[in-house]
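Trainee: Before I use any of the descriptive words for this protein, I would like to hear how each of them is justified. Could we go through them one at a time?

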Amino acid sequence: MRSLFPLVKSLLRKWMQDRDTAESESFGNRLDSALENFGTSVLTRRECEVLHMTMRGHSIKSMAERLDASVDTIKTHRKHIYTKLDITSQSELFYLFISALRHHAESDSDPLISLESGS
């Protein structure tokens with residue numbers, strides 16, 4: 001039995017590492033999917049682009065450059081996003097996303113839908 005212990009210990013370690021890696025990748029994939037789908041049920045395609053870039057930390061100027069739009073256009077999109085989501089700040093936006101994630105099932109739907117339905 002003592003001679004098998006190192007082998008069993010090694011196998012268990014490898015299994016735990018593989019499981020932790022798979023869970024981490026699964027969580028990352030679910031998070032990416034939730035972010036990509038966040039807001040799609042209530043926002044236009046362009047508003048979603050602005051929303052996703054905001055969630056990824058882009059400044060208004062950076063978004064304007066990447067989306068080939070003016071700073072004023074990006075500000076208008078953000079204003080519409082905040083109105084449609086009934087929020088007033090970027091902090092509230094992040095809180096809304098986190099709240100929606102807490103209720104979101106593992107699917108390719110907008111996390112806001114599960115929040116609205118009160119799941």
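Trainee: What makes Arg45 count as buried, partly exposed or exposed?

Mentor: Keep in mind throughout that this is a predicted model. Arg45 has a relative accessible area of 61%, and since exposed means over 50%, Arg45 is called exposed.

Trainee: Which residue forms a salt bridge with Glu49, and how do you know that the term applies?

Mentor: The partner is Arg45, with the closest N and O atoms 3.1 Å apart; because the rule asks for a side-chain nitrogen of Lys or Arg within 4 Å of a carboxyl oxygen of Asp or Glu, the pair qualifies as a salt bridge. Both residues lie in helix α2, 4 residues apart, which is about one turn of the helix. In general, an α-helix has 3.6 residues a turn, so residues three or four places apart point the same way. Glu49, at 26% relative accessibility, counts as partly exposed, and Arg45, Arg46 and Glu49 are linked in a network of salt bridges.

Trainee: How many salt bridges does the rule give in total?

Mentor: The count comes to 4 salt bridges. One of them joins the side chains of Glu36 and Arg56, at 2.5 Å from N to O, a value that satisfies the limit of within 4 Å. This pair links distant parts of the chain, 20 residues apart, with Glu36 in helix α1 (residues 5–37) and Arg56 in the loop between α2 (45–55) and α3 (60–66). Glu36 has 39% relative accessibility and Arg56 has 45%; because partly exposed covers what lies between 20% and 50%, Glu36 is partly exposed, and Arg56 is partly exposed as well.

Trainee: Which residue does Glu47 pair with in a salt bridge, and why is the pair said to tie parts together?

Mentor: Glu47 forms a salt bridge with Lys84, where the closest N and O atoms are 2.8 Å apart. Glu47 belongs to helix α2 and Lys84 to helix α4 (residues 71–85), so the pair ties together parts that are 37 residues apart in sequence. Set against the cut-off of under 20% for buried, Glu47 is buried because its relative accessible area is 4%, whereas Lys84, with 41%, is partly exposed.

Trainee: Why is α2 described as largely enclosed by the rest of the structure?

Mentor: The description rests on a count: 8 of the 11 residues of α2 are buried, so the helix is largely enclosed by the rest of the structure. The buried residues are Glu47, Cys48, Val50, Leu51, His52, Met53, Thr54 and Met55.

Trainee: How is α2 oriented relative to α5, and what justifies the word used for it?

Mentor: α2 and helix α5 (residues 90–103) pack at an angle of about 95°, with their axes 11 Å apart. Because angles from 65 to 115 degrees count as roughly perpendicular, that makes α2 roughly perpendicular to α5. In this packing, Leu51, Thr54 and Met55 in α2 meet Gln90, Leu93, Phe94 and Phe97 in α5. By class, the contact has 5 nonpolar, 2 polar and no charged residues.

Trainee: How many aromatic pairs does a search of the whole structure find, and what makes the label for the geometry fit?

Mentor: The search finds 1 aromatic pair. Phe38 and Phe97 lie 5.0 Å apart, centre to centre, with 75° between the planes; because centres within 6.5 Å make a pair and planes over 60 degrees apart count as edge-to-face, the pair is called edge-to-face. Phe38 lies in the loop between α1 and α2 and Phe97 in helix α5, so the pair ties together parts that are 59 residues apart in sequence.

Trainee: Are Phe38 and Phe97 buried or exposed?

Mentor: Phe38 has a relative accessible area of 0% and is buried, and Phe97, at 9% relative accessibility, also counts as buried, because the cut-off is under 20%.

Trainee: What is the pattern of the protein along the sequence?

Mentor: The pattern reads α-α-α-α-α-α, in keeping with 6 helices and 0 strands. Of the 119 residues of the protein, 30% count as buried.

Terms used:
Residues numbered from 1 in each chain as written. Predicted model: local features only at pLDDT ≥ 70, side-chain atom pairs only at ≥ 80, totals over all residues. Heavy atoms only, no water. Helix = DSSP H or I, 4+ residues; strand = E, 2+ residues; numbered from the N terminus. Buried < 20%, exposed > 50% of the residue type's maximum accessible area, 1.4 Å probe, protein only. Axes fitted to C-alpha atoms, helices over the stretch in contact; angles between N-to-C directions. Parallel < 35°, antiparallel > 145°, perpendicular 65-115°, else oblique. Contact = heavy atoms within 4.5 Å. Nonpolar A, V, L, I, M, F, W, Y, C, P; charged D, E, K, R; others polar. Phe/Tyr/Trp six-rings, centres within 6.5 Å; stacked < 30°, edge-to-face > 60°.
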